[in-house]
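Colleague: Could you walk me through this model and tell me what stands behind each label?

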Amino acid sequence: MAQVTMLEAIRQAMFEEMERDPAVVAVGEDIGVYGGAFKVTEGLLAKFGPERVMDAPIAETGIVGAACGMSFLGLRPVVEMQFIDFIACCFNQVTNFVAKSHYLWGAPVPMVIRGPSGGGVHGGPFHSANPEMYFVHTPGLKVVYPSTAYDAKGLLKSAIRDNNPVLFFEHKYLYRRIKEELPAEDYTVPIGKAIVRREGSDLTILTYAALTHTVLEAADELAKEGIEAEVVDLRTLLPLDRETILTSVKKTNRLLVVHEDTRTGGIAGEIAAIVCEEAFDDLDAPIARVTALDTPVPYSPPLEERFLPQRSDVVAAARKLAKY
Amino acid sequence: MNEVLIEGRNGVTAVGAEVPSNARAEGLTKDQQLNLYYFMKLNREVEAAMERLFKQNKIVGGLYASLGQEAISVGTASALSPGDWVAPMIRNIGALLTRGVPPRDIFTQHMARYTSPTKGKDGTSHFGDLKGRHIVSPISMLGDLIPVMAGVGIGARYLGQKIVTMTWIGDGGSSTGAFHEGLMFAAMHHAPMVLIVENNQWAYSTPVNRQTGVRDLADRAQGYGIEGVIVDGNDIREVYRVTKAAVDRARSGGGPVLIEAKTMRMRGHAQHDSADYVPKEMLAYWKERDPLPRYEKYLTESGLWDARKKAEIDARIERLVREDREFAENSPFPPPGLAEEGVYCDGCHTIEAEWKRDKGQLALAGGYPAVHQVQDYGEIRIKVAASAPAVTPAVAAAVTARAEDLELSEEMMAAVPNGKVPTAEETALRVPFGRGPKDKAFRDEQAAKTYSRGGSGKTYHQNKPSQPPSKLPPKVFTKPFTKPFTKPFNKPVHQQQGASFQKGPNQKPGNAPRKNFVKHPAGKPGRT
């Protein structure tokens with residue numbers, strides 16, 4: 001079995017879901033003839049035709065609105081944001097219309113909005129963002145952010161089959177940098193379930209997306225010093241898997257949260273609140289976090305490297321926490 | 001666009017789409033014509049009842065009236081078939097009623113009762129009916145329904161359903177970005193959508209001429225390459241006729257149509273607004289054109305009813321409004337626990353598309369060429385009316401002026417009066433090569449860069465100039481800032497003399513801040 005990249009895994013999920021269910025359609029800018037800015041949807045048009053693979057004008061509100069309309073008919077549109085940063089252009093449509101439909105008037109919106117996110121590829125302030133927390137703060141949405149090819153495929157399939165609007169973040173740094181063998185048969189990964197990537201007893205490091213790999217490298221480095229870190233990949237940010245988080249914290253009694261999103265209002269704050277509410281007596285040290293800076297994502301490589309959490313930052317924070 | 005003049009019935013001239021010849025002949029039966037009256041009158045009576053409820057403080061939130069605009073809601077919605085989809089806005093209670101929504105739903109919604117369609121989760125006419133009447137609920141952000149209804153139309157076509165979608169927007173809402181994106185999306189996809197722009201002259205307190213540069217909002221249709229029609233919104237027969245033509249056109253694949261219905265908001269933006277900013281004469285002008293008496297007059301003059309029939313219909317309406325109002329008033333408020341329910345669909349709805357075409361056909365689909373068919377090469381075409389016998393000096397001057405704006409070459413300008421269009425070769429731009437990905441020097445330069453991620457200790461090459469980058473001497477602050485604050489800070493109120501604040505129970509002198517975290521000796525969970 002050949003190894004596939006995360007990008008290829010996402011494409012496979014799209015192909016297989018569209019083959020499985022004719023209600024699945026794709027809408028987005030340049031996704032048809034061109035195959036998408038990152039070529040995630042390459043080949044979809046040739047296979048499924050222009051009725052199901054719709055090249056859209058540069059109108060994010062129009063795209064998401066139209067996809068929402070299609071979903072009211074029982075279709076399952078998968079919308080591509082060329083870069084997830086542009087989801088800001090349709091913020092109202094997503095947070096006020098799509099997210100609230102089921103709660104207010106019982107209209108489920110089975111749609112997926114997916115797109116490349118995250119930094120590390122020198123995309124600059126408008127092509128590197130991690131805007132997940134705007135949507136984690138929006139009841140009615142589900143927010144998924146995978147870190148492996150296996151999870152990306154399985155979670156995208158789950159997202160397409162979900163009856164709710166799911167925002168699917170694809171870290172573009174991982175698109176072609178990670179590879180793994182995928183099962184030949186159909187599989188899904190459940191939304192709302194975190195996973196323990198590495199067992200450890202001295203502290204828990206919660207993270208997601210590209211930083212999962214950074215944190216795993218940091219954990220190896222820590223192991224050489226005798227610090228065994230347990231690494232938990234959240235995979236889904238909304239709904240959060242409280243159970244896995246709390247189980248791990250109760251086991252290691254120390255918690256470090258690492259994310260690529262900016263610090264203030266990042267998921268680390270919410271997790272810290274949950275742990276304080278539910279497992280305060282189990283903590284042996286204050287909850288620590290390693291996050292991006294509270295700035296826009298800068299463009300120049302040295303600036304971006306400073307902006308993003310690095311392995312050394314994680315190691316230093318973990319070391320400090322373990323010794324507390 | 002085939003522009004024809006449509007003779008208006010009441011002094012309003014509509015310019016726009018060519019209405020199919022059978023549209024004029026499109027006759028309504030006597031009962032259908034009486035139905036138009038029934039729903040218009042019901043619309044008005046429901047709102048009159050709600051106004052009374054509002055004054056009795058029984059409406060929980062705001063109340064938005066469509067007084068004077070009933071002909072639009074009822075006339076447009078009447079032109080649809082039962083399978084069609086609608087997305088009414090806040091002043092389209094008439095459209096809801098016409099689609100079969102009972103007045104009780106509207107009363108209970110406004111009164112926030114458990115028996116309302118949203119069970120009290122939203123108010124006003126913010127509710128829908130996905131499966132039954134195909135009604136999409138509005139939200140308060142204007143214009144959002146337009147892309148949604150474009151999508152319903154596009155999706156329905158894919159499923160093989162021959163439906164039309166209709167939504168409404170006001171003159172105010174037509175300023176939003178969603179209006180533009182939605183209409184553009186619908187136009188590009190040739191969606192079977194009819195958009196009713198209710199120009200009621202006021203967006204809250206702002207008149208149309210303070211909102212936009214166009215006088216007639218129907219003109220906007222041209223910018224999207226779709227048909228735009230103007231209709232007297234206070235003449236229900238005209239509204240119906242024009243809408244029916246648009247609906248038929250959309251259903252037969254003719255693409256979206258924008259209908260601007262001219263009307264007047266006869267009340268304030270909402271009940272709280274006395275609308276003193278509206279000139280009295282303007283209200284008087286439109287009062288004379290009240291759609292209800294106008295239609296009543298027509299029914300009488302045409303012999304479609306008599307006083308007895310009218311009384312019979314009115315009594316039916318009065319009874320229905322009374323019963324449904326009483327139902328709403330006697331309905332309970334929702335249980336508080338409901339607030340926590342229904343954020344997500346956890347299998348409570350079965351989602352299944354209604355296919356009207358062979359799905360097997362789709363499974364066989366394949367081998368689509370992944371290329372775009374371009375219409376032309378984008379050459380500049382000077383639009384000169386085909387019917388014009390010759391280019392008049394005035395037109396030629398205008399064309400020349402336009403050509404100057406575009407900085408056309410002399411040859412192209414010379415070609416203009418003859419209507420000759422330059423070929424693609426003549427107008428092709430030359431794109432200089434270099435510094436692109438194919439430039440070897442550029443590639444080498446890129447390859448030499450060793451940027452990496454991961455905090456691996458690699459350092460970035462920093463230019464260290466041999467001399468300071470700036471010739472300005474470095475700033476040195478030699479003199480310490482010693483100016484003292486002359487004005488003492490005021491003590492907080494509770495520390496001032498004579499203050500009678502008591503310390504709270506947690507501010508006892510002995511209650512020192514405790515150390516939050518104490519390391520457990522054995523590393524076990526727990527805090528000492």
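Modeller: Happy to; what follows is a short talk about a predicted model.

Colleague: What makes the size of chain A agree with a compact globule?
Modeller: A compact globule of 324 residues would have a radius of gyration near 20 Å, and chain A has 19 Å, so the two agree. Along the principal axes, the C-alpha atoms fill a box of roughly 60 × 45 × 40 Å.

Colleague: How many of its residues count as buried, and what earns that word?
Modeller: A residue is called buried if 20 or more other C-beta atoms lie within 10 Å of its own. In chain A, 61% of the 324 residues count as buried.

Colleague: What share of the contacts joins residues 24 or more positions apart?
Modeller: Taking the contacts in chain A with a separation of 6 or more, 80% are between residues that far apart.

Colleague: Which domains does the assignment give, and what secondary structure does the chain have?
Modeller: Domain 1 of chain A covers 3-181 and domain 2 covers 195-323. Chain A has twelve helices and 14 strands.

Colleague: How do you know that the two domains of chain A are in contact?
Modeller: Contact asks for C-beta atoms within 7 Å. By that rule, 25 residues of domain 1 of chain A are in contact with 23 residues of domain 2 of chain A. On the domain 1 side, α6 (132-136), β6 (142-144), α7 (149-161) and β7 (166-171) of chain A each supply at least two residues. That side divides into 13 nonpolar, nine polar and three charged residues. The C-alpha centres of the two domains of chain A lie 26 Å apart.

Note on methods: Residues numbered from 1 in each chain as written. Chains lettered and ligands numbered in written order. Predicted model: local features only at pLDDT ≥ 70, side-chain atom pairs only at ≥ 80, totals over all residues. Helix = DSSP H or I, 4+ residues; strand = E, 2+ residues; numbered from the N terminus. Rg over C-alpha atoms; globule rule 2.2 N^0.38 Å. Buried ≥ 20, exposed ≤ 12 C-beta atoms within 10 Å, placed from the backbone. Domains from an automatic or database assignment. Nonpolar A, V, L, I, M, F, W, Y, C, P; charged D, E, K, R; others polar.
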